[in-house]
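User: I am new to this structure and would like to learn how to read it step by step. Could you take me through its features, giving the general idea before each case?

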Amino acid sequence: MKQPLTRSLAVQGALWTLGGYGWSQIMRLGSHLILAWLLAPEIFGLMALVKVFMQGMEMFSDVGIKPSIIQSKRGHDPAFLNTAWTIQIIRGLGLWLCTCLLTWPAAAMFARNDETAWALLYLLPVAGCGTVIAGFSSTALATLNKDLRLGRLTTLEIASQMVSLTVMVLWALVNPSVWAMVAGGLASVCFKMIASHFIVPGHRVRVAWDRESAQELFTFGKWVFLSTAFTFLALNLDRIILGNVLTLADLGLYSIAFVFAKVPFYVCTRLGGTVLFPVYARHRDRPERMVEVALQAREVVLWAGAAVCIAMAVVSPLFFETLWDERYHSAGGIAQWMALYIWSMIVLLTMDRLPLALGNSKALFYANVWRTAGVVFAVAGYAVWGLAGFVIGLALGPVIAHVYVLREVPFGREALTRQAVRFTLGAAAYGLPAALIANRLDSAYEFWIRVAATAGLAGMPLAVAAVVVRGQVWGRREPKASASPAVVVPEAP
């Protein structure tokens, strides 16, 4: 039986997601900081190409198993789950075979710009083993997500990341090479796969095939497949393009800056997939109610996302200058420009789950097509203004996609548009002057003066957002159905 959606359940899920995933990103940044002192920038560039290729293989073969389980009314049916697991295993094996076949063309393409990229010939087949291992992960992970039981999922994510970090650092201390990062990734996947089969007592999947279940999975998943293919292009085409014009060392700097800049993006992505989408899906039979819930939930996410984007833009130069090896200092300026792109992505990601929750996976596909179009502007921007112009061009893609998604929402378009414009103008009004002031605090000032000023500029939006979000989530009075947003998710009827 489905668990009723209550306000406390949704709020608890959001808190687990924000807290757990926020901690996860802190660990991610910490691991890169430690590894930056042990490994050269070109190793990060080489690993960026490995990750781009592997993500491409995974996303170009995504048949939407997890969102299918979350969205389907048969999401708890053993026959449906067993069929989904069987498809997942077959997909994982197929991915590894395709990786082996495409290894040489991928290495040859990037080696034209930097000979070191020939190392992909042996890195990709080994890293690709992770797809086979991940294919055997239990569908319990999707079931827990469907039921908004996110505590166990968050704990598992953090534990698997700790395993990865431990393996990477220990390996890099003994042998400072790219294999440290490959080994850490494989260790994390193995741990998560094994733990997934024990995370829900009594929940066991087996290889089986149910024709009706397979038909439902493929019907829903065909547009998810196309959508995630373009999602890959939208998220990774920048590194594919830059990998052919930059050295691996410069690409490594760009990748490091992206890791730092994408902290708010990762948190909001996590909220969209693990909290907002399941919440929206429970109102799929009442679209007008879904939009009402979306306005309330989106308010909280945009407050948090805007505050973190501003803070990131303010602190990134001093952060890289103070804590990172001198070889990585220039990544701070790149991270500042990326705040624009990340904000445009956050605004879109709080919207594009709406048509998907209504079963309109086709709309998500076309939204990702428009988002990918930003690469055209990015290439033009790079020709005019280098990396800064490239990042600004990327930000235009999500803006165009947001306009398209609004057309696919049956109700509340004006309210959703006003909400996005209000937060964007507010973030720009404070964020741009604050970032300019932070940039003028150069080495002529005492170090502690720079730290205090930067902390004040970054801390103010975070403090305001924390107060507002607390009032939105824990407000004593429940809003009426027609009232303005006041809580994350009201009780379901």
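Analyst: Let us begin with the contacts of the whole chain: among contacts in the protein with a separation of 6 or more, 82% are between residues 24 or more positions apart. Please keep in mind throughout that this is a predicted model.

User: How many helices and strands does the protein have, and what share of its residues is buried?

Analyst: The protein has 19 helices and 0 strands, and of its 493 residues, 56% are buried.

User: How should I read a single helix, and which residues of helix α5 are buried?

Analyst: The general idea is that an α-helix has 3.6 residues a turn, so residues three or four places apart point the same way. In helix α5, which covers residues 120-127, the buried residues are Leu120, Leu123, Leu124 and Ala127. These residues lie on the same side of α5 because they span an arc of only 95° around the axis.

User: What describes a pair of packed helices?

Analyst: Two packed helices are described by the angle between their axes and the distance between the axes. As a case, take helix α13 (residues 287-323) and helix α14 (residues 331-349), whose axes come within 7 Å and cross at roughly 170°. Because angles over 145 degrees count as roughly antiparallel, α13 is roughly antiparallel to α14. The residues that meet in this pair include Leu302, Cys309, Met312 and Phe320 from α13, and Met338, Ile342, Trp343 and Ile346 from α14.

User: At what angle do the axes of helix α16 and helix α17 cross, and is the crossing left-handed or right-handed?

Analyst: The axes of helix α16 (residues 361-372) and helix α17 (residues 374-408) cross at roughly 160° and come within 6 Å, which means that α16 is roughly antiparallel to α17. The crossing of these two helices, α16 and α17, is right-handed. On the α16 side the contact is made by residues including Tyr366, Trp370 and Arg371, while α17 contributes, among others, Pro398, Ile400 and Tyr404.

User: How do α17 and α18 pack, and which residues meet there?

Analyst: α17 and α18 have axes 9 Å apart and pack at an angle of about 155°, so α17 is roughly antiparallel to α18. Here α17 passes α18 in a right-handed crossing, and His402, Leu406 and Arg407 of α17 meet Arg413, Leu416, Thr417 and Ala420 of α18.

User: Let us turn to single residues: where is Ala438, and is Ala438 buried or exposed?

Analyst: Burial is judged from relative accessible area, with values under 20% counted as buried. Ala438 is placed in helix α18, which covers residues 413-440, and with a relative accessible area of 10% Ala438 is buried. Leaving aside residues up to four places away in sequence, Ala438 touches Val314 and Leu457. Although Ala438 and Val314 are 124 residues apart along the chain, their C-alpha atoms are separated by 5.9 Å.

User: In which helix is Arg450 found, and what does the side chain of Arg450 reach?

Analyst: Arg450 is found in helix α19, made up of residues 447-474, and counts as buried because its relative accessibility is 8%. The side chain of Arg450 reaches the backbone oxygen of Leu441 at 2.7 Å. In addition, a polar contact of 3.1 Å links the side chain of Arg450 with the side chain of Glu321.

Methods:
Residues numbered from 1 in each chain as written. Predicted model: local features only at pLDDT ≥ 70, side-chain atom pairs only at ≥ 80, totals over all residues. Heavy atoms only, no water. Helix = DSSP H or I, 4+ residues; strand = E, 2+ residues; numbered from the N terminus. Buried < 20%, exposed > 50% of the residue type's maximum accessible area, 1.4 Å probe, protein only. Polar contact = N/O pair within 3.5 Å; in protein donor to acceptor, adjacent residues only side chain to side chain. Arc of directions from axis to C-beta. Axes fitted to C-alpha atoms, helices over the stretch in contact; angles between N-to-C directions. Parallel < 35°, antiparallel > 145°, perpendicular 65-115°, else oblique. Left-handed = near helix turned anticlockwise from the far one by under 90°. Contact = heavy atoms within 4.5 Å.
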